[in-house]
Amino acid sequence: MKLAGLKSIENAHDESVWAATWVPATASRSALLLTGSLDETVKLWKPDDLILQRTNTGHCLGVASVAAHPSGMIAASSSLDSFIRVFDVDTNNTIATLEAPPSEVWQLRFDPKGTILAVAGGGSASVKLWDTATWNLVATLSIPRPEGPKPSDKTSSKKFVLSVAWSPDGRRIACGSMDGTITVFDVARAKFLHHLEGHYMPVRSLVYSPAEPRLLFSASDDTHVHMYDAEGKTLIGAMSGHASWVLSVDVSPDGAAIATGSSDRTVRLWDLSMRAAVQTMSNHTDQVWGVTFLSGGGACRLASVSDDKSISLYDYS
């Protein structure tokens with residue numbers, strides 16, 4: 001397995017690019033790369049040549065996360081302005097605007113069926129679930145407060161939630177917190193199941209394997225990438241190699257590899273059978289906030305985005 005650089009776009013945005021994901025293809029168009037930036041915009045790019053298709057505005061502060069509905073028809077963006085904007089991908093028409101208290105809108109992800117939008121709740125120490133038919137808030141999954149010596153000390157008893165991921169069957173949600181804890185919920189019962197331990201610094205990115213539904217990968221500021229059996233509560237492996245914070249992780253469509261982006265300015269490809277990095281890409285000149293694989297079709301693509309305002313596109317084979 002290897003990555004081959006295809007194209008890089010300098011100054012893809014006017015400021016740091018903080019988020020990226022692929023919008024699935026529809027009957028009328030190919031897949032698109034969706035990026036969000038500190039410049040308050042969301043942009044859509046063609047998958048093979050990174051030609052800009054359109055620029056979406058509507059936020060008044062930086063865009064922290066973007067998510068695509070599995071239908072490829074709609075997408076969502078969350079911003080430091082505490083709003084979530086849901087929009088039609090092809091027309092840019094706003095479908096819904098969801099508001100949250102300050103510091104309670106971070107990473108967002110649609111469930112595999114597209115019926116629920118999960119939002120990492122930041123300072124509320126929870127994951128909020130929004131029904132995509134009505135755009136009503138239907139559940140709040142709160143992380144239990146740990147029993148500590150100083151329960152009145154809010155800094156020790158509350159968990160700031162940064163990241164969220166759905167299991168492939170949509171039955172589980174995992175969320176990563178500032179203190180390094182990963183929490184797993186049963187979605188149907190809106191019930192806390194267990195914590196996954198091992199990290200001791202913020203967990204900024206989580207992803208389940210498409211090939212092994214129990215397998216969960218986490219990226220942390222402690223420079224490590226962890227692989228868990230999310231059902232068995234077991235840390236299967238800890239992979240190291242980055243020189244600084246690991247800010248993003250994604251799994252290849254075949255489940256054989258993961259890609260990570262780091263504040264050490266590199267993108268790394270990891271062979272899961274070896275549990276080791278097999279390739280390091282140094283296209284970026286600043287920290288890499290997002291890596292995302294495009295699945296489906298023939299060729300497989302990986303995109304990365306960075307504080308250096310650029311987007312890089314790679315072929316994965």
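This is a short tour of one predicted protein model, stop by stop.

Before you click anything, a word on the ground rules: residues are numbered from 1 along each chain as its sequence is written. Because this is a predicted model, local features need pLDDT of at least 70 and side-chain atom pairs count only at pLDDT 80 or more, while totals for chains, interfaces and linings use all residues; side-chain values use heavy atoms, with hydrogens and water left out.

**Stop 1: the whole chain**

Select everything and switch to cartoon view. You'll find one helix and 28 strands in the protein chain; these are DSSP runs numbered from the N terminus, helices being H or I over at least four residues and strands E over at least two. Along the principal axes, the C-alpha atoms fill a box of roughly 55 × 45 × 35 Å. The radius of gyration is 18 Å, which agrees with the value near 20 Å for a compact globule of 317 residues. That radius is taken over C-alpha atoms, and the globule rule is 2.2 Å times the number of residues to the power 0.38.

**Stop 2: inside and outside**

Now colour by accessibility. Of the 317 residues, 57% are buried (buried is under 20% relative accessible area, exposed over 50%, partly exposed in between, with a 1.4 Å probe and protein chains only). Turn on the surface next: it comes to about 12600 Å², and 50% of that belongs to carbon and sulfur atoms (Shrake-Rupley method, 1.4 Å probe; for residues, only the protein chains shown count as cover).

**Stop 3: the annotated repeats**

Select residues 10-46, 56-97, 154-195, 196-238 and 239-280, where UniProt, in an unreviewed entry, places the feature "repeat: WD". Such annotations may be inferred rather than shown by experiment. Zoom in on residues 10-46: the end C-alpha atoms lie 16 Å apart, and the span is 46% strand and 0% helix. Then try residues 196-238, with end C-alpha atoms 13 Å apart, 56% strand and 0% helix.

**Stop 4: two loops with positive phi**

Pick Arg275, in the loop between β24 (267-271) and β25 (276-281). Its phi is near 55°, a positive value in a residue other than glycine. Is Arg275 buried or exposed? Neither: Arg275 counts as partly exposed, because its relative accessibility is 41%.

Last, jump to Lys309, in the loop between β27 (300-306) and β28 (311-316). Here phi is near 75°, again positive in a residue other than glycine. With a relative accessible area of 28%, Lys309 is partly exposed.
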